[in-house]
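Reader: I am new to this structure and would like a close look at one single part of it, taken slowly and set among its neighbours.

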Amino acid sequence: MKLSTQGQHAIMAMLALAIHDDDGAVRLGDLAAQQGISLSYLEQIFARLRHEGLVEGIRGPGGGYRLSRHADEITLAEIIQAAEDDTVVAMNASNSATLRGQDLVQRMWSDLSGQFYRFMEDITLDSLMEGHELPRKSYRMGETASLIARMFPARELRPSMSHQMAM
């Protein structure tokens with residue numbers, strides 16, 4: 001089985017959707033910039049993903065794409081099959097039948113491709129995310145917040161007050 005760059009970009013984009021699933025829809029322009037590919041190329045990939053029912057488009061403000069099913073229900077094999085050219089998928093599916101008369105190395109390669117595909121059927125987007133925490137956005141105090149913090153510094157307990165409180 002051959003994994004083209006189109007399949008690789010589809011997996012990466014679907015993984016990004018899974019990671020940001022709680023945030024709502026993700027814009028394709030953001031994904032294209034993140035992956036360093038053209039928007040039109042990513043639109044072609046998403047047209048195939050949408051046609052296969054892996055993603056759904058959300059219209060309007062805050063629109064974009066999101067997963068159509070939960071991340072634990074979408075396998076890498078489904079993504080690859082949706083994103084790859086039909087000729088590549090068909091060729092990989094029919095390799096075992098057409099290679100009977102060909103040499104041993106080609107048959108072994110075909111068998112290995114089949115095993116790779118079956119391996120991808122067992123990997124879900126959710127399983128890829130297991131054990132990986134997203135970095136939390138750190139809060140940086142803005143100018144206004146910094147100004148307010150300087151105007152109202154934290155109070156310190158006076159020794160006489162803390163002594164009275166202890167009694």
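Which residues of α1 are buried?

Author: Since this is a predicted model, a word on confidence comes before the helix itself. The mean pLDDT of the protein is 77, with 66% of its residues reaching 70 or more, and confidence runs from a mean of 48 in helix α5 (residues 86-98), where it is lowest, to 94 in helix α3 (residues 39-51), where it is highest. Over residues 87-93 the pLDDT falls below 50, and that stretch has 5 contacts in the model beyond near neighbours in sequence.

Turning to your question, the buried residues of α1 are Gln6, Gly7, His9, Ala10, Ile11, Ala13, Met14, Leu15, Ala16, Leu17 and Ala18. Because 11 of the 15 residues of α1 are buried, the helix is largely enclosed by the rest of the structure. As for its length, the 15 residues of helix α1 (residues 5-19), taken at 1.5 Å a residue, should span 21 Å, and this agrees with its end C-alpha atoms, which lie 21 Å apart.

What encloses the helix can be named as well: the buried residues of α1 pack against the helices α2 (28-35), α3, α4 (76-83) and α7 (125-129), and also against the strands β1 (55-58) and β2 (64-67). Those two strands, β1 and β2, pair with each other in the antiparallel sense over 4 bridges, and Glu56 has Arg66 in β2 as its bridge partner. The hairpin of β1 and β2 has 5 residues between the strands, and in this hairpin Gly60 takes a positive phi near 90 degrees.

Technical notes: Residues are numbered from 1 along each chain as its sequence is written. This is a predicted model: local features need pLDDT of at least 70, side-chain atom pairs count only at pLDDT 80 or more; totals for chains, interfaces and linings use all residues. Side-chain values use heavy atoms; hydrogens and water are left out. pLDDT is the predictor's confidence in each residue, from 0 to 100. Contact means heavy atoms within 4.5 Å. The expected span of a helix is 1.5 Å times one less than its number of residues. Buried means under 20% relative accessible area, exposed over 50%, partly exposed in between (1.4 Å probe, protein chains only). Two strands pair if DSSP finds at least two bridges between them.
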